Each structure stands twice: as C-alpha cells, then as structure tokens.
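Colleague: Could you take a close look at one helix for me? I'd like to know how it sits among its neighbours.

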Amino acid sequence: MTPQPPTVHRDPQHLLHHVRAQWGGRGDLWVFGYASLIWRPEFEPDEQRPAFVHGYHRALRMVSRINRGTPERPGLVFALLSGGACRGLVYRIDAHRAHDELERLWAREMPTGVYEPRWLECRTPQGPVRALAFTLSRRSPSYTGPLADDALVEILREARGRYGTTLDYLVRTAQALRHHGIADREIERLVALARRHRLLD
C-alpha cells in the first residue's frame with residue numbers, strides 16, 4: 001500500500017450543518033447504502049428499495065486504520081468513487097425521526113470527516129429519489145489508488161481492527177449483495193482471490 005500523507009482535518013460538524021442545509025430537514029431522509037450499510041445499517045428504515053446510482057462505483061480502496069486495520073497494519077473498506085455505476089439499497093427514514101437518525105449515522109460514518117457526503121439521484125423501481133451518500137475523493141489521504149493482487153492478499157490475510165478483519169468485511173459485503181440480488185464482479189473476483197490463497201474455506 002502506498003504511504004499516504006497525514007489526514008487533513010475536516011470538521012465533521014461543519015459538514016453535517018452543510019448537509020442539513022442541503023436537505024432542508026422538512027421531509028423524509030433517504031440514505032444510499034453500498035457496503036456495510038447494507039448488512040449493518042444500525043437504524044430501522046421506514047422503507048427500503050433497490051437502487052442504482054450512475055456516476056459512482058464501489059471500490060475496496062479506502063484505508064482503515066481503526067475499524068478493519070491498525071496504523072501499523074492498515075486494512076481496507078469500500079468507498080464510493082466517482083465514475084461508473086453502483087447498485088445498492090436506499091433507505092427512507094420518516095421526517096419525525098430523521099434528525100436523530102442522521103446524528104447517529106453521522107457519528108458512525110463521519111467521526112473524522114473523511115468522506116465527501118453528497119446528495120445523489122438514485123433510480124429505484126418506484127421512481128427516482130435524492131439520497132445522502134458517503135463518497136470518497138481521490139485526493140483524500142485515505143484513498144489507496146489501485147492495489148496489486150499481491151498487496152490485496154496480504155491485507156486480506158493480516159489486517160484486523162476493532163470490528164474485525166478486512167477479509168470478514170469483504171465476505172459480509174459479498175454475501176449481503178448476493179442476498180439482495182446485486183451482482184458485483186470485482187467483489188466476486190476478490191472473494192475468489194482470497195479463496196485461491198486459502199484464506200477462505
């Protein structure tokens with residue numbers, strides 16, 4: 001993994017204030033999930049739909065030095081990067097609960113302000129919705145850039161953080177996507193890579 005410069009401080013509360021202003025706070029809140037928010041959303045949605053986003057794609061290219069790795073042996077988590085397209089889920093939270101749920105979601109996803117929160121148009125079977133999504137800039141210190149398979153295998157073999165291993169995170173995301181009928185060839189390739197190296201049964 002390429003050494004990264006120190007993290008630039010971004011005030012999470014300032015970003016939350018900006019997101020609230022863009023949302024308006026008067027209606028229901030929609031949130032787009034593309035990885036762990038699919039299998040561990042930590043809130044009870046009032047509605048859930050399959051969703052398609054154009055212009056962003058899911059990629060295992062974000063450094064994790066706490067949750068799925070350590071500063072000495074960083075792990076990886078998925079990020080939503082510009083370009084391509086992504087299938088996931090959108091969740092609707094009723095307006096009367098949305099402010100409190102957004103606070104909890106922010107505490108989980110934005111403790112250091114690493115993501116670029118954006119409002120993305122999501123296509124769903126019932127029509128388009130504007131949903132909050134947590135994207136990652138390629139200028140972020142947490143963006144790894146492309147990684148060779150040898151480096152990925154080493155991370156999948158060794159990286160472990162407070163919530164478990166990078167390998168477990170990958171497998172749980174793959175299982176959740178399959179459960180919802182979402183095909184992701186790169187994730188399946190990474191699972192097959194782990195299996196070839198006997199990291200999985």
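What span should the twelve residues of helix H6 (residues 185-196) have at 1.5 Å a residue, and how far apart are its end C-alpha atoms?

Modeller: Happy to! This is a predicted model, where local features need pLDDT of at least 70, side-chain atom pairs count only at pLDDT 80 or more, and totals for chains, interfaces and linings use all residues. Residues are numbered from 1 along each chain as its sequence is written, and side-chain values use heavy atoms, leaving out hydrogens and water.

H6 should span 16 Å, and its end C-alpha atoms are 16 Å apart, so the two agree. The expected span is 1.5 Å times one less than the number of residues; helices (H or I, at least four residues) and strands (E, at least two) are DSSP runs, numbered from the N terminus.

Going round the helix, Ile187, Leu190, Val191, Leu193 and Ala194 are buried (under 20% relative accessible area, with exposed over 50% and partly exposed in between; 1.4 Å probe, protein chains only). Those residues cover an arc of only 155° around the axis, so they lie on the same side of H6; the arc uses directions from the helix axis to the C-beta atoms. They pack against strand E2 (47-64), strand E3 (75-93), helix H4 (149-158) and H5, contact meaning heavy atoms within 4.5 Å. On the face turned away from the buried side, Arg185 and Arg196 are exposed.

Now for the ends. Aspartate 184 caps the N-terminal end of H6, with a side-chain oxygen 3.2 Å from the backbone nitrogen of glutamate 186. Just after H6, arginine 198 has a positive phi of about 60°.

Key. A polar contact is a pair of N or O atoms within 3.5 Å; within protein, one must be able to donate a hydrogen and the other to accept it, and residues adjacent in sequence count only if both atoms are side-chain atoms.
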